Amino acid sequence: MEMPSALIEVVRNARRVVVLTGAGVSAESGIPTFRDAQTGLWARYDPEELASPRAFKRNPKLVWQWYQWRRDLCAGSTPNPGHFALVEMERRIPEFTLVTQNVDGLHALAGSRQLLELHGNIGRYICYDRRHPVTGWEPTDELPPRCPICHSLVRPDVVWFGEQLDAIVINRAAVAAERCDIFFSIGTSSIVYPAALLPQLALEHGAIFVEVNPNPTPLTRFADFVLQAPSGVALPALVQTVWPEVDSGS
Ligand code: OAD
(Lines give C-alpha, C1' and ligand atoms only; values in the text may rest on other atoms or scores of the structure.)
Protein backbone atom coordinates (compact mmCIF):
# COMPACT_ATOMS: atom_id res chain seq x y z
CA MET A 1 0.00 0.00 0.00
CA GLU A 2 1.34 3.42 -1.03
CA MET A 3 2.17 5.78 1.88
CA PRO A 4 2.40 9.58 1.49
CA SER A 5 6.08 10.53 1.89
CA ALA A 6 5.16 13.48 4.15
CA LEU A 7 3.38 11.08 6.50
CA ILE A 8 6.39 8.74 6.61
CA GLU A 9 8.56 11.68 7.57
CA VAL A 10 6.34 12.95 10.41
CA VAL A 11 5.84 9.49 11.89
CA ARG A 12 9.57 8.76 11.77
CA ASN A 13 10.31 12.00 13.66
CA ALA A 14 7.38 11.93 16.08
CA ARG A 15 8.12 11.91 19.80
CA ARG A 16 4.57 11.87 21.18
CA VAL A 17 1.84 9.91 19.52
CA VAL A 18 -1.72 9.19 20.60
CA VAL A 19 -3.83 6.56 18.89
CA LEU A 20 -7.59 6.30 19.39
CA THR A 21 -9.14 3.05 18.21
CA GLY A 22 -12.69 1.86 17.74
CA ALA A 23 -14.52 -1.27 16.72
CA GLY A 24 -13.10 -1.18 13.17
CA VAL A 25 -9.68 -2.25 14.46
CA SER A 26 -11.16 -5.55 15.64
CA ALA A 27 -13.32 -6.12 12.55
CA GLU A 28 -10.57 -8.19 10.95
CA SER A 29 -10.47 -10.34 14.09
CA GLY A 30 -14.07 -11.28 13.38
CA ILE A 31 -15.77 -9.01 15.92
CA PRO A 32 -18.61 -7.12 14.23
CA THR A 33 -18.52 -3.32 14.52
CA PHE A 34 -21.46 -1.51 16.03
CA ARG A 35 -22.60 0.64 13.15
CA ASP A 36 -21.48 -0.94 9.85
CA ALA A 37 -24.59 -1.56 7.85
CA GLN A 38 -24.34 -5.25 6.96
CA THR A 39 -22.50 -6.77 9.86
CA GLY A 40 -23.18 -4.30 12.67
CA LEU A 41 -24.50 -5.90 15.84
CA TRP A 42 -26.95 -3.13 16.19
CA ALA A 43 -28.61 -3.79 12.87
CA ARG A 44 -30.18 -6.67 14.77
CA TYR A 45 -30.32 -5.18 18.26
CA ASP A 46 -31.15 -1.70 19.40
CA PRO A 47 -28.14 -0.62 21.49
CA GLU A 48 -30.17 1.65 23.68
CA GLU A 49 -32.26 -1.39 24.51
CA LEU A 50 -29.25 -3.37 25.65
CA ALA A 51 -26.31 -1.14 26.64
CA SER A 52 -27.86 1.10 29.26
CA PRO A 53 -28.69 1.01 32.96
CA ARG A 54 -32.35 1.43 32.06
CA ALA A 55 -32.28 -1.68 29.88
CA PHE A 56 -30.54 -3.66 32.61
CA LYS A 57 -33.12 -2.64 35.17
CA ARG A 58 -35.94 -3.54 32.81
CA ASN A 59 -34.59 -6.85 31.55
CA PRO A 60 -31.34 -7.89 33.25
CA LYS A 61 -31.43 -11.41 31.84
CA LEU A 62 -31.64 -10.22 28.22
CA VAL A 63 -28.75 -7.78 28.71
CA TRP A 64 -26.70 -10.42 30.52
CA GLN A 65 -27.24 -12.95 27.71
CA TRP A 66 -26.38 -10.43 25.01
CA TYR A 67 -23.12 -9.57 26.75
CA GLN A 68 -22.42 -13.27 27.32
CA TRP A 69 -22.69 -13.77 23.55
CA ARG A 70 -20.36 -10.85 22.86
CA ARG A 71 -17.99 -12.01 25.58
CA ASP A 72 -17.73 -15.49 24.02
CA LEU A 73 -17.12 -13.87 20.63
CA CYS A 74 -14.29 -11.74 22.06
CA ALA A 75 -12.81 -14.65 24.01
CA GLY A 76 -12.65 -16.71 20.81
CA SER A 77 -10.91 -13.93 18.84
CA THR A 78 -7.24 -13.14 18.39
CA PRO A 79 -5.45 -9.88 17.56
CA ASN A 80 -4.95 -9.12 13.86
CA PRO A 81 -2.04 -7.42 12.02
CA GLY A 82 -3.47 -3.98 12.87
CA HIS A 83 -3.22 -4.66 16.62
CA PHE A 84 0.34 -5.98 16.21
CA ALA A 85 1.42 -2.98 14.11
CA LEU A 86 0.37 -0.71 17.00
CA VAL A 87 2.61 -2.72 19.34
CA GLU A 88 5.50 -2.13 16.92
CA MET A 89 4.74 1.60 16.85
CA GLU A 90 4.78 1.74 20.65
CA ARG A 91 8.24 0.13 20.66
CA ARG A 92 9.61 2.81 18.35
CA ILE A 93 7.98 6.04 19.49
CA PRO A 94 9.29 7.63 22.71
CA GLU A 95 5.85 8.54 24.16
CA PHE A 96 3.03 6.45 22.85
CA THR A 97 -0.50 6.27 24.28
CA LEU A 98 -3.12 3.92 22.92
CA VAL A 99 -6.66 4.93 23.82
CA THR A 100 -9.34 2.44 22.88
CA GLN A 101 -13.11 2.43 22.93
CA ASN A 102 -13.03 -1.35 22.49
CA VAL A 103 -13.88 -3.61 25.38
CA ASP A 104 -12.57 -6.80 23.72
CA GLY A 105 -9.11 -6.77 25.32
CA LEU A 106 -7.34 -7.50 22.01
CA HIS A 107 -4.85 -4.60 22.27
CA ALA A 108 -3.57 -5.91 25.60
CA LEU A 109 -3.48 -9.44 24.22
CA ALA A 110 -1.38 -8.23 21.27
CA GLY A 111 1.11 -6.67 23.70
CA SER A 112 0.24 -2.96 23.85
CA ARG A 113 1.41 -1.54 27.20
CA GLN A 114 0.47 2.16 27.44
CA LEU A 115 -3.22 1.42 27.06
CA LEU A 116 -6.29 3.32 28.23
CA GLU A 117 -9.53 1.35 27.92
CA LEU A 118 -12.10 4.15 27.88
CA HIS A 119 -15.19 1.94 27.85
CA GLY A 120 -14.03 -0.79 30.23
CA ASN A 121 -13.42 -4.45 29.52
CA ILE A 122 -15.97 -7.12 28.73
CA GLY A 123 -13.89 -9.77 30.49
CA ARG A 124 -14.41 -8.15 33.90
CA TYR A 125 -17.50 -8.01 36.08
CA ILE A 126 -18.79 -5.68 38.76
CA CYS A 127 -22.01 -5.61 40.73
CA TYR A 128 -24.76 -3.23 39.77
CA ASP A 129 -25.48 -1.56 43.10
CA ARG A 130 -22.04 -1.08 44.65
CA ARG A 131 -19.61 -1.75 41.79
CA HIS A 132 -17.77 -4.43 43.74
CA PRO A 133 -15.33 -6.26 41.45
CA VAL A 134 -16.75 -9.76 41.00
CA THR A 135 -14.51 -12.64 39.94
CA GLY A 136 -16.78 -15.58 40.64
CA TRP A 137 -20.17 -16.65 41.90
CA GLU A 138 -22.01 -19.73 43.08
CA PRO A 139 -23.43 -21.80 40.20
CA THR A 140 -27.02 -20.70 39.79
CA ASP A 141 -29.93 -21.00 37.39
CA GLU A 142 -30.75 -17.37 38.02
CA LEU A 143 -29.30 -14.93 35.45
CA PRO A 144 -27.55 -12.62 36.02
CA PRO A 145 -25.80 -14.11 39.03
CA ARG A 146 -25.50 -12.13 42.26
CA CYS A 147 -22.58 -10.38 43.93
CA PRO A 148 -21.11 -12.59 46.67
CA ILE A 149 -20.69 -9.51 48.90
CA CYS A 150 -23.90 -7.48 48.58
CA HIS A 151 -26.17 -9.79 46.52
CA SER A 152 -26.96 -7.16 43.91
CA LEU A 153 -26.94 -8.28 40.27
CA VAL A 154 -23.64 -8.82 38.44
CA ARG A 155 -23.02 -6.83 35.23
CA PRO A 156 -20.12 -6.43 32.80
CA ASP A 157 -17.49 -3.82 33.72
CA VAL A 158 -18.18 -1.70 30.64
CA VAL A 159 -19.46 1.84 30.24
CA TRP A 160 -23.09 2.01 29.22
CA PHE A 161 -24.96 4.84 27.49
CA GLY A 162 -25.77 7.47 30.05
CA GLU A 163 -22.88 6.46 32.34
CA GLN A 164 -19.77 8.46 33.11
CA LEU A 165 -16.36 7.34 31.93
CA ASP A 166 -13.73 6.75 34.61
CA ALA A 167 -12.50 10.31 35.28
CA ILE A 168 -8.86 9.31 35.71
CA VAL A 169 -8.81 7.37 32.44
CA ILE A 170 -10.48 10.06 30.31
CA ASN A 171 -8.33 12.78 31.89
CA ARG A 172 -5.15 10.90 31.11
CA ALA A 173 -6.33 10.46 27.53
CA ALA A 174 -7.16 14.17 27.25
CA VAL A 175 -3.76 15.25 28.58
CA ALA A 176 -1.99 12.92 26.15
CA ALA A 177 -4.13 14.26 23.27
CA GLU A 178 -3.24 17.85 24.13
CA ARG A 179 0.48 17.09 24.16
CA CYS A 180 0.90 14.85 21.14
CA ASP A 181 2.65 15.55 17.81
CA ILE A 182 0.43 13.14 15.91
CA PHE A 183 -3.06 11.87 16.69
CA PHE A 184 -4.28 8.76 14.88
CA SER A 185 -7.99 7.97 14.78
CA ILE A 186 -8.38 4.37 13.65
CA GLY A 187 -11.50 2.33 12.97
CA THR A 188 -13.96 4.57 14.79
CA SER A 189 -17.05 6.33 13.50
CA SER A 190 -16.15 9.31 15.74
CA ILE A 191 -19.70 9.92 16.84
CA VAL A 192 -19.62 8.70 20.45
CA TYR A 193 -18.62 11.25 23.07
CA PRO A 194 -16.49 12.00 24.99
CA ALA A 195 -14.09 9.77 22.97
CA ALA A 196 -14.74 11.83 19.82
CA LEU A 197 -13.57 14.95 21.66
CA LEU A 198 -10.01 13.62 21.87
CA PRO A 199 -9.06 14.18 18.21
CA GLN A 200 -10.63 17.63 18.42
CA LEU A 201 -8.49 18.44 21.47
CA ALA A 202 -5.38 17.27 19.64
CA LEU A 203 -6.24 19.38 16.60
CA GLU A 204 -6.82 22.47 18.75
CA HIS A 205 -3.34 21.96 20.20
CA GLY A 206 -1.69 21.74 16.80
CA ALA A 207 -1.27 17.99 16.34
CA ILE A 208 -1.14 16.37 12.94
CA PHE A 209 -4.32 14.33 12.55
CA VAL A 210 -4.32 11.01 10.71
CA GLU A 211 -7.42 8.94 10.09
CA VAL A 212 -7.36 5.25 9.17
CA ASN A 213 -10.77 4.06 8.04
CA PRO A 214 -12.17 2.55 4.83
CA ASN A 215 -15.13 4.92 5.20
CA PRO A 216 -15.43 8.67 5.80
CA THR A 217 -16.41 10.01 9.25
CA PRO A 218 -17.47 13.45 10.49
CA LEU A 219 -13.78 14.14 11.25
CA THR A 220 -12.33 13.09 7.88
CA ARG A 221 -12.36 16.63 6.55
CA PHE A 222 -10.06 17.74 9.37
CA ALA A 223 -7.47 15.04 8.66
CA ASP A 224 -3.99 15.92 7.41
CA PHE A 225 -3.69 12.37 6.10
CA VAL A 226 -6.34 9.77 5.41
CA LEU A 227 -5.46 6.11 4.93
CA GLN A 228 -8.65 4.85 3.39
CA ALA A 229 -8.14 1.15 4.02
CA PRO A 230 -8.74 -1.54 6.64
CA SER A 231 -6.43 -1.05 9.62
CA GLY A 232 -5.11 -4.60 9.29
CA VAL A 233 -3.69 -3.56 5.92
CA ALA A 234 -2.84 0.14 6.44
CA LEU A 235 -1.06 -0.11 9.81
CA PRO A 236 1.41 -2.91 8.96
CA ALA A 237 2.13 -1.08 5.68
CA LEU A 238 2.80 2.16 7.56
CA VAL A 239 5.10 0.48 10.08
CA GLN A 240 6.98 -1.38 7.34
CA THR A 241 7.49 1.82 5.38
CA VAL A 242 8.56 3.99 8.31
CA TRP A 243 10.76 1.34 9.96
CA PRO A 244 11.74 -1.04 7.14
CA GLU A 245 13.85 -3.14 9.51
CA VAL A 246 10.69 -4.35 11.34
CA ASP A 247 10.06 -8.05 10.84
CA SER A 248 6.56 -8.33 9.33
CA GLY A 249 6.05 -11.70 11.02
CA SER A 250 5.96 -10.21 14.54
P1 OAD B 1 -18.61 1.94 15.10
O2 OAD B 1 -19.27 0.63 14.79
O3 OAD B 1 -19.48 3.11 15.35
O4 OAD B 1 -17.64 2.32 13.90
C5 OAD B 1 -16.75 1.41 13.34
C6 OAD B 1 -15.88 2.16 12.36
O7 OAD B 1 -14.89 1.25 11.90
C8 OAD B 1 -16.62 2.68 11.13
O9 OAD B 1 -16.24 4.03 10.92
C10 OAD B 1 -16.11 1.79 9.99
O11 OAD B 1 -16.02 2.49 8.77
C12 OAD B 1 -14.75 1.42 10.51
N13 OAD B 1 -14.20 0.15 10.00
C14 OAD B 1 -14.87 -0.96 9.61
N15 OAD B 1 -14.01 -1.94 9.28
C16 OAD B 1 -12.77 -1.44 9.45
C17 OAD B 1 -11.45 -1.96 9.29
N18 OAD B 1 -11.24 -3.22 8.87
N19 OAD B 1 -10.40 -1.14 9.58
C20 OAD B 1 -10.60 0.12 10.00
N21 OAD B 1 -11.82 0.67 10.17
C22 OAD B 1 -12.89 -0.10 9.91
O23 OAD B 1 -17.61 1.67 16.32
P24 OAD B 1 -16.96 2.71 17.33
O25 OAD B 1 -16.60 3.97 16.66
O26 OAD B 1 -15.92 1.95 18.07
O27 OAD B 1 -19.55 2.28 23.08
O28 OAD B 1 -18.17 2.97 18.32
C29 OAD B 1 -17.92 3.78 19.42
C30 OAD B 1 -18.69 3.31 20.60
O31 OAD B 1 -20.06 3.19 20.25
C32 OAD B 1 -18.35 1.92 21.09
O33 OAD B 1 -17.23 1.89 21.94
C34 OAD B 1 -19.58 1.55 21.85
C35 OAD B 1 -20.67 2.12 20.95
O36 OAD B 1 -21.67 2.70 21.62
C37 OAD B 1 -20.17 1.78 24.15
O38 OAD B 1 -20.66 0.66 24.18
C39 OAD B 1 -20.17 2.70 25.32
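In the predicted model, the side chain of Thr-241 reaches the backbone oxygen of Ala-237 at a distance of 2.5 Å. Thr-241 belongs to helix α11, which comprises residues 231–242. Beyond its neighbours up to four places away in sequence, Thr-241 touches Met-3, Ile-8 and Arg-12. The relative accessible area of Thr-241 is 30%, and because this value falls between the limits of 20% for buried and 50% for exposed residues, Thr-241 is classed as partly exposed. A separation of 156 residues in sequence lies between Thr-241 and Ala-85, whereas their C-alpha atoms are 12 Å apart in space.

Ser-231, at the start of the range 231–242 assigned to helix α11, takes part in ligand binding geometry through its backbone: one of its backbone N or O atoms lies 2.9 Å from a nitrogen atom of the ligand. Two further polar pairs involve oxygen atoms of the ligand. In one, the partner is a backbone N or O atom of Phe-34, at 2.7 Å. In the other, the partner is an N or O atom in the side chain of Ser-189, at 2.6 Å. Of the 790 Å² that the ligand exposes when taken alone, 93% is buried by the protein. The ligand is surrounded by 23 residues, the closest being Phe-34, Arg-35, Thr-188, Ser-189 and Asn-213.

Ser-190 follows in the loop between β7 and α10. The phi angle of Ser-190 is near 60°, a positive value in a residue other than glycine. With a relative accessibility of 6%, Ser-190 is under the 20% limit and therefore counts as buried. The loop between β7 (182–186) and α10 (197–204) also holds Pro-194. The peptide bond that leads from Tyr-193 to Pro-194 is cis, with omega near 5°.

A second cis peptide bond joins Leu-143 to Pro-144, with omega near -10°. Pro-144 is located in the loop between β5 and β6. A positive phi is also found at Arg-131, again a residue other than glycine, where the angle is near 60°. Arg-131 lies in the loop between β4 and β5. Its relative accessibility is 46%, so Arg-131 is partly exposed. For most residues other than glycine phi is negative, and most peptide bonds are trans.

The strands that flank these two loops, β4, β5 and β6, form an open sheet in the order β5-β4-β6, with antiparallel pairing. β5 (133–134) and β6 (154–158) are the edge strands; each has a single partner strand, so one side of each lacks a neighbour in the sheet. Strand β4, residues 120–127, pairs with β6 in the antiparallel sense over five bridges. Within this pairing, Asn-121 has Asp-157 of β6 as its bridge partner. Helix α6, which spans residues 60–75, lies across β4 and β6 and runs at about 140° to β4.

Definitions and conventions
Residues are numbered from 1 along each chain as its sequence is written. This is a predicted model: local features need pLDDT of at least 70, side-chain atom pairs count only at pLDDT 80 or more; totals for chains, interfaces and linings use all residues. Side-chain values use heavy atoms; hydrogens and water are left out. Two strands pair if DSSP finds at least two bridges between them. Helices (H or I, at least four residues) and strands (E, at least two) are DSSP runs, numbered from the N terminus. Contact means heavy atoms within 4.5 Å. Axes are lines fitted to C-alpha atoms, for helices over the stretch in contact, and angles run from 0 to 180 degrees between N-to-C directions. A residue is near a molecule or strand if one of its heavy atoms lies within 4 Å of it. A polar contact is a pair of N or O atoms within 3.5 Å; within protein, one must be able to donate a hydrogen and the other to accept it, and residues adjacent in sequence count only if both atoms are side-chain atoms. Accessible areas come from the Shrake-Rupley method with a 1.4 Å probe; for residues, only the protein chains shown count as cover. Buried means under 20% relative accessible area, exposed over 50%, partly exposed in between (1.4 Å probe, protein chains only).
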